[in-house]
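Thanks for coming. I will walk through one model, a few places at a time. Please have the sequence and the view open as we go.

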Amino acid sequence: MGGVAGPFGRRRAEGYDRPVRRPRLRPTRWLPAEPRRRSAALAAVAALGAGGAVALMRWRLWSAGVPSVDPAPLTDWFDPAELTRNREYRRGLWTMAAVGVPLAALTAIGVALLGGRWRPGVVRLAHGRPWAAGIIFGVGLSLVTFLVGLPLAIGRYSWGREYGIVTQGFGAWLLDAAKGLGIQAVIAAILGAGAAVLIARAPRLWWLAMAGVVAAFIYLSSLLSPVLIEPLFQRTEPLRDPALSAQILDLAHRAGVEADDVKVNDASARTTAANAYVSGLGDSRHIVLFDTLLRDFPPDQVRMVVAHELAHVERRHVLQGSTWGAVLAVPGLLLVFAVVGWRTGYAKSGPGAAGCDLVLRRLAIAAAAAAVIGTLSTPLANWVSRAYEREADCRGLQLSRDPAADIALHQGLVQRSLGVPDPPAAVRFWFGTHPSALERIALALRYRDETER
Ligand SMILES: [Zn+2]
């Protein structure tokens with residue numbers, strides 16, 4: 001292995017990596033037409049496959065029994081003057097998000113385009129072994145992406161501090177950010193090593209195997225998040241409010257689910273906003289209430305939140321959401337494969353340093369393509385999320401039978417979380433994981449009208 005650097009230098013001189021030095025303005029000139037046609041055909045198959053998968057899951061894995069409602073009129077439920085500060089705060093966040101959304105993809109594209117500069121060093125460091133090169137690439141890309149995004153993340157943090165919604169000190173915040181980077185780097189190292197080995201060994205089918213790896217990863221992270229990830233960022237303890245516990249058991253009984261795992265976290269150490277969530281699958285599943293929710297909201301509204309979370313459990317939304325991701329990974333990776341083939345052809349990569357360099361080049365292009373596809377599919381993911389949230393709202397109302405508490409809850413959440421009840425259409429399209437407060441209030445009103453009849 002020690003002699004790799006020598007052969008590497010010699011092979012380089014022989015021009016094996018000429019694609020790197022080709023004029024950038026005519027990127028596909030060196031490629032024969034055949035791979036380009038093949039890439040176009042594969043991309044078409046991927047697009048058709050993705051469309052078919054979305055249609056199938058829209059049919060089989062969608063919310064059921066949710067009436068469509070128009071948003072409630074703003075001035076019926078909110079004082080526009082009291083929303084001025086909220087709008088200021090959110091406008092700042094949206095602006096930063098608009099800059100931040102394309103940032104990761106642009107970073108990955110930049111890293112791939114500058115490949116000629118860093119690939120020889122990585123190949124040498126990895127002694128020409130694809131798996132080692134994949135690890136170095138994964139960790140490196142995580143680090144670069146983190147550093148590029150850091151100023152914006154600090155901007156978001158300071159903005160939240162200024163408006164008093166973020167309560168965490170800078171040191172603790174930075175520590176959390178570093179932990180996030182650590183997790184990211186470990187995941188990227190595993191995926192990078194796996195992808196590099198598959199690209200080297202299975203030049204025609206690595207995308208399919210990689211789709212399997214990604215699918216397994218999605219289910220595994222849904223399963224293990226409550227045990228491995230969440231404890232790194234928060235402390236939880238069992239809910240110790242006997243009255244609320246009894247109500248939760250009653251709601252859970254109505255939903256036909258087990259609710260012995262309701263916890264309270266220490267969110268107040270980080271924020272004044274109130275929230276709750278359900279995560280995990282099977283035995284790892286738990287419902288977590290923010291301590292700010294218990295502190296700042298009356299019991300009937302907390303009960304409403306719990307009913308909503310129990311509805312997520314009853315309708316298996318964590319599992320269904322994971323399935324959307326796992327299924328769409330197949331056409332997604334096929335499209336990535338088509339992009340990689342378009343840039344580098346479909347030939348086997350060969351042994352030694354030259355082969356490792358080609359694997360690395362393909363890996364960098366794959367990462368960039370995956371980042372672009374991931375960014376562009378954000379609206380799709382949020383569209384699915386909103387459907388499940390709407391279903392949980394609807395079912396939560398049936399479980400709690402308390403639309404008045406639901407309406408007061410959404411008014412309180414807007415106030416406490418500096419929310420905007422009527423975000424602009426573009427914001428809802430790109431970032432809306434939940435229906436707007438006015439839509440949620442309209443749903444409660446409709447439930448009230450139907451049950452009163
Ligand atoms: Zn929800």
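Let me start in a loop. R316 sits in the loop between α13 and α14. A word on those labels: helices (H or I, at least four residues) are DSSP runs, numbered from the N terminus. R316 is not a glycine, yet it has a positive phi of about 55°. R316 counts as exposed because its relative accessibility is 55%. On that scale, buried means under 20% relative accessible area, exposed means over 50%, and partly exposed is in between, with a 1.4 Å probe and protein chains only.

Before going further, some background. This is a predicted model, in which local features need pLDDT of at least 70 and side-chain atom pairs count only at pLDDT 80 or more, while totals for chains, interfaces and linings use all residues. Residues are numbered from 1 along each chain as its sequence is written, and side-chain values use heavy atoms, with hydrogens and water left out.

There is a second residue with a positive phi. L418, also not a glycine, has a phi of about 50°. L418 lies in the loop between α17 (403-416) and α18 (425-431). Is L418 buried or exposed? At 7% relative accessibility, L418 counts as buried.

L418 brings us to R85, which is in helix α5 (residues 84-100). Leaving out residues up to four places away in sequence, R85 touches Y163 and L418; contact here means heavy atoms within 4.5 Å. R85 and Y163 are 78 residues apart in sequence, and their C-alpha atoms are 8.7 Å apart in space. R85 is partly exposed, with a relative accessible area of 42%.

Next, the metal. Which protein atoms are the donors of the zinc ion? They are H308 (NE2), H312 (NE2) and E389 (OE), and they lie 2.0 to 2.1 Å from the ion. Donors are N, O and S atoms within 2.8 Å of the metal (3.2 Å for Na, K and Ca), and water is not among the atoms, so sites may look incomplete. Along the chain, the donors of the zinc ion have the spacing H-x3-H-x76-E. The pair H308 and E389 links distant parts of the chain: H308 is in helix α13 (residues 299-314), E389 is in helix α16 (residues 378-400), and they are 81 residues apart. H308 and E389 are both buried.

Now the empty space. The structure holds one cavity of 30 Å³ or more. On a 1 Å grid over the protein atoms alone, a cavity is a set of points where a 1.4 Å probe fits but cannot get out, and lining residues have an atom within 4 Å of a point. Grid points are joined across faces, edges and corners, and a volume is the space filled by probe spheres set on the points. The largest cavity contains about 50 Å³ of space. Its lining is made of P203, W206, F337, V340, G341, G345, Y346 and R362. Helix α14 (residues 317-344) gives the largest share of that lining, three residues.

One lining residue deserves a stop. V340 is found in helix α14, and V340 is buried, with a relative accessible area of 2%. Not counting residues up to four places away in sequence, V340 touches W206, G345, R362, I365 and A366. From V340 to I365 is 25 residues in sequence and 6.0 Å in space, C-alpha to C-alpha.

On to another helix. In α6 (residues 103-113), the buried residues include A105, T107, A108, V111 and A112. Why do the buried residues of α6 line one face of the helix? Seen down the axis of α6, they fall within an arc of 160°, so they line one face; the arc is that of the directions from the helix axis to the C-beta atoms. An α-helix has 3.6 residues a turn, so residues three or four places apart point the same way. The buried residues of α6 pack against α7 (115-125), α8 (130-162) and α15 (352-376).

Last stop, L74, in helix α4 (residues 74-77). L74 counts as buried, at 19% relative accessibility. Apart from neighbours within four places in sequence, L74 is in contact with L83, R87, P421, D422 and L438.

That is the tour.

Terms used: Helix = DSSP H or I, 4+ residues; strand = E, 2+ residues; numbered from the N terminus. 1 Å grid on protein atoms, 1.4 Å probe; cavity = no way out; pocket = protein on both sides within 12 Å on 5 of 7 lines; lining within 4 Å.
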